[in-house]
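Trainee: I am new to this structure and should like to be guided through it. May we proceed by question and answer?

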Amino acid sequence: MGTDSQDRFGRSLRDLRVSITDRCNFRCRYCMPREVFGPDFTFLERSELLSFEEIARAVRAFVRCGVRKVRLTGGEPLLRRDVEELVAMLAAIDGVDDLAMTTNASLLAAKAGALRRAGLGRVTVSLDSLDDAVFRAMSDVHLPVGRVLEGIAAAREAGFDEIKLNTVVKRGVNEDGVLDLARYAGEHGYIIRFIEYMDVGTTNGWRLDDVVPGEEIVRRIGEHLPLEPIPPKYAGEVATRYRFRDGAGEIGVITSVTRPFCSTCTRARLSAIGEIYTCLFAGGGGDLRALLRGGADDTELEAMIRGTWAARDDRYSELRSRATRDLPKVEMSYIGG
Ligand code: SAM
Ligand code: SF4
Ligand code: SF4
């Protein structure tokens with residue numbers, strides 16, 4: 001296991017999100033709008049993507065620098081062929097205490113068992129609405145929401161005890177469905193997180209007016225399902241949590257826009273081509289792949305990760321303003337959400 005790395009504000013490096021593909025079979029309006037990510041869009045070549053061996057080597061180096069939690073994401077991680085083999089490789093790394101995946105679940109029904117057997121610890125499924133029409137409008141895909149619900153059920157069946165749901169809430173689009181989602185999550189024992197719509201990337205046409213503040217979401221749900229605040233499960237947890245007063249279960253809100261949490265942000269991201277990003281809103285990242293493919297030894301990998309983290313002074317969400325609006329920012333589907 002590794003030793004602590006700290007950035008310029010004394011934040012430790014603890015979590016790593018690994019994007020394993022920039023492709024996706026959905027076109028969520030807030031992430032990969034079809035006008036931009038259409039038939040002419042050029043995705044990464046396969047040869048550019050880190051191989052499973054390269055990812056595992058990078059993760060081992062991150063673990064030596066203090067990372068304990070690893071999340072596979074994308075793009076849609078289940079589009080990467082034989083992803084369960086990668087899961088098995090990462091699950092075998094000493095020091096990875098928590099291995100999770102974020103997925104749109106459209107392919108989860110077929111994969112849940114293999115992922116569980118390979119050692120995946122937790123699954124987070126993105127689900128923006130239970131209403132088929134709203135779901136299709138948000139994800140811009142010809143797929144019934146039932147397919148996602150089947151994927152979630154398959155994950156439970158496969159033995160995943162902790163299943164989280166992520167809901168991005170957009171004003172006037174799916175805000176009326178938050179109560180139904182909270183009820184559905186509570187009834188099934190899933191933990192749901194409502195996420196404020198963020199200005200990631202430069203293609204989603206984000207406007208502050210489209211953001212439904214977390215406080216409002218909690219109020220809307222609390223009017224029907226009484227809630228009470230509960231403390232964070234661990235230091236640096238990004239969700240503000242509430243439990244149902246009349247039964248088991250909890251909801252959370254992730255208020256990156258209205259109440260940012262940069263001061264406790266311990267997260268790094270590894271893009272599908274092996275760049276290290278120290279913030280979701282960064283314009284670029286350090287090229288770890290060049291070292292991986294250039295014959296560097298483990299000490300050099302570690303030195304690069306530590307150096308990148310030590311130089312980190314990101315706090316985009318705390319600074320969010322007119323001045324940050326036009327900064328170059330990488331797309332979320334590329335860097336990994
Ligand atoms: N395709 C997978 C999925 O959707 O679960 C994994 C990648 S996706 C980029 C990861 C998460 O980012 C999803 O839960 C998605 O809802 C969230 N996300 C994407 N764009 C967002 C935005 N503009 N604001 C807030 N969350 C966003
Ligand atoms: Fe695909 Fe996930 Fe982005 Fe939706 S949020 S377009 S499912 S990567
Ligand atoms: Fe972390 Fe950047 Fe998000 Fe702040 S804006 S919480 S530094 S990823």
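The exchange below concerns a predicted model and moves from the whole protein to a helix, two loops and a ligand.

Trainee: How many helices and strands does the protein have, and how does its radius of gyration relate to the globule rule?

Mentor: The secondary structure comes to 12 helices and 12 strands. For 337 residues the globule rule gives 20 Å, and the protein is close to that value, so it is as compact as a globular protein of that length. The radius of gyration itself is 19 Å.

Trainee: What share of the residues in the protein is buried?

Mentor: A residue counts as buried when its relative accessible area is under 20%. Of the 337 residues in the protein, the buried ones make up 55%.

Trainee: Which residues of helix α4 are buried, and on the same side or on opposite sides of the helix?

Mentor: Helix α4 spans residues 132–139, and its buried residues are Phe 135, Met 138 and Ser 139. Around the axis they cover an arc of only 85 degrees, which puts them on the same side of α4. In general, an α-helix has 3.6 residues a turn, so residues three or four places apart point the same way. For Phe 135, Met 138 and Ser 139 the answer is therefore the same side.

Trainee: Against which elements do the buried residues of α4 pack?

Mentor: One partner of these buried residues is α5, residues 145–157. The other partner is β5, residues 163–169.

Trainee: Which residue caps the N-terminal end of α4?

Mentor: The cap involves the backbone nitrogen of Ala 133, with a side-chain oxygen lying 3.0 Å from it. That oxygen belongs to Asp 131.

Trainee: Asp 82 and Ala 105 each have a positive phi without being glycine; is each buried, partly exposed or exposed?

Mentor: Asp 82, with a phi of about 60 degrees, lies in the loop between β2 and α2. Ala 105, with a phi near 70 degrees, is found in the loop between β3 and α3. The relative accessible area of Asp 82 is 32%, and that of Ala 105 is 0%. Asp 82 is thus partly exposed, and Ala 105 is buried.

Trainee: How many nonpolar, polar and charged residues are in the shell around ligand 3?

Mentor: The residues surrounding ligand 3 include Phe 261, Cys 262, Leu 280 and Tyr 316. Also among them are Arg 312, Asp 314 and Ser 317. By class, the shell has 7 nonpolar, 1 polar and 2 charged residues.

How values were computed
Residues are numbered from 1 along each chain as its sequence is written. Chains are lettered from A and ligands numbered from 1 in the order in which they are written. This is a predicted model: local features need pLDDT of at least 70, side-chain atom pairs count only at pLDDT 80 or more; totals for chains, interfaces and linings use all residues. Side-chain values use heavy atoms; hydrogens and water are left out. Buried means under 20% relative accessible area, exposed over 50%, partly exposed in between (1.4 Å probe, protein chains only). Helices (H or I, at least four residues) and strands (E, at least two) are DSSP runs, numbered from the N terminus. The arc is that of the directions from the helix axis to the C-beta atoms. Contact means heavy atoms within 4.5 Å. A polar contact is a pair of N or O atoms within 3.5 Å; within protein, one must be able to donate a hydrogen and the other to accept it, and residues adjacent in sequence count only if both atoms are side-chain atoms. A residue is near a molecule or strand if one of its heavy atoms lies within 4 Å of it. Ala, Val, Leu, Ile, Met, Phe, Trp, Tyr, Cys and Pro count as nonpolar, Asp, Glu, Lys and Arg as charged, and the others, Gly among them, as polar. The radius of gyration is taken over C-alpha atoms; the globule rule is 2.2 Å times the number of residues to the power 0.38.
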